[in-house]
Amino acid sequence: MEGKPIPPAGSSMNTSVDVSASKGGEISGDHLDGSELSTSASSGDERRSSRVACLAIISETNTPLFFKVYKGVAATLALLPDEAYDTQLQHMIYSSLDVVEERMIAPKTSSAKDVDGYLGILSSSGPVALYGLLTNTQQKLIVGLKPQSTEKESQIKLLLKKIHVALVSMFLNPFLRIDGPIVLPSFEKLIDELTRTYL
């Protein structure tokens, strides 16, 4: 499945919502404070390394909304050189969208999709294991993890659900175009905190 390039999250982010990929110019609005989320992270949890190699949010029309590579984890995987991390991980995520679509049209059984949208593992054949969650508005949350011998899927599911809560909180901003790239520093900071806390 071909996809559009995903705008990377990172230091170049600003406080406006870039909607040039859809309609209009820029819309200012960055007031996500994360108050709707409750995490139990201590200062030690915030400093510890995560197993998350990448994270993506894809719209219901398969338009990329958010993509971030955690290079500290990606560097430990069997990937291409540094400059190709983003491209290789994006390709893996786009490939997993075929699996998501298959499960969306499959009979609604527990093996296809949980009642809360958790899709489970989407791919484990590459250097990262991809897990997904489908929201009730058909947005796809996909997280790529450094594989390990035993997985606690309850923690992965919890992380994806917390990211979903953060996404809903952000979309409560009436000035935000839902179909535009997410370039809010406060959202990225909250996502970083969640990945360190739960995995």
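Biologist: I'm new to this one. What covers the buried residues of α4?

Modeller: Keep in mind that this is a predicted model. To read the cover of a helix, look at which elements touch its buried side chains. Here the cover of α4's buried residues includes the strands β3 (52-58), β5 (118-123), β6 (129-134) and β7 (140-145), along with the helix α5 (185-198).

Biologist: Which residues of α4 are buried?

Modeller: They are I156, L159, L160, K162, I163, A166, L167, S169, M170 and F171. Notice that K162 and S169 are on that list beside residues such as I163 and L167.

Biologist: How do I check the length of helix α4?

Modeller: Multiply the rise by one less than the number of residues, because each step along a helix should add 1.5 Å. Helix α4 has 19 residues, 153-171, so it should span 27 Å, and its end C-alpha atoms are indeed 27 Å apart.

Biologist: And what does that check give for α5?

Modeller: With 14 residues, α5 should span 20 Å; the distance between its end C-alpha atoms is 20 Å, which agrees.

Biologist: Is α5 mostly covered or mostly uncovered?

Modeller: Mostly covered, with ten of its 14 residues buried. Those are S186, F187, E188, L190, I191, D192, L194, T195, T197 and Y198. They pack against β3, β4 (64-69) and α4. So α4 is part of what α5's buried residues pack against, and α5 is part of the cover over α4, by the contact rule of heavy atoms within 4.5 Å.

Biologist: Let me step back. How many helices and strands does the protein have?

Modeller: Five helices and seven strands. Read from the N terminus, the order is β-β-α-β-β-α-α-β-β-β-α-α.

Biologist: What share of the protein is buried?

Modeller: Of its 199 residues, 47% are buried. The accessible surface is about 10000 Å², and carbon and sulfur atoms account for 52% of that.

Biologist: How do I read contacts between residues far apart in sequence?

Modeller: Take the contacts between residues at least 6 apart in sequence, then ask what share joins residues at least 24 apart; in this protein the figure is 63%. For a single case, try Q138, in the loop between β6 and β7. Q138 and E60 are 78 residues apart in sequence, yet their C-alpha atoms are 4.7 Å apart.

Biologist: What else is Q138 in contact with?

Modeller: Setting aside neighbours within four places in sequence, Q138 is in contact with S59 and M104 as well as E60.

Biologist: Why does Q138 count as partly exposed?

Modeller: Because its relative accessibility is 30%, and partly exposed lies between the cut-offs of 20% and 50%.

How values were computed
Residues numbered from 1 in each chain as written. Predicted model: local features only at pLDDT ≥ 70, side-chain atom pairs only at ≥ 80, totals over all residues. Heavy atoms only, no water. Helix = DSSP H or I, 4+ residues; strand = E, 2+ residues; numbered from the N terminus. Buried < 20%, exposed > 50% of the residue type's maximum accessible area, 1.4 Å probe, protein only. Areas by Shrake-Rupley, 256 points an atom, 1.4 Å probe, with all protein chains shown as cover.
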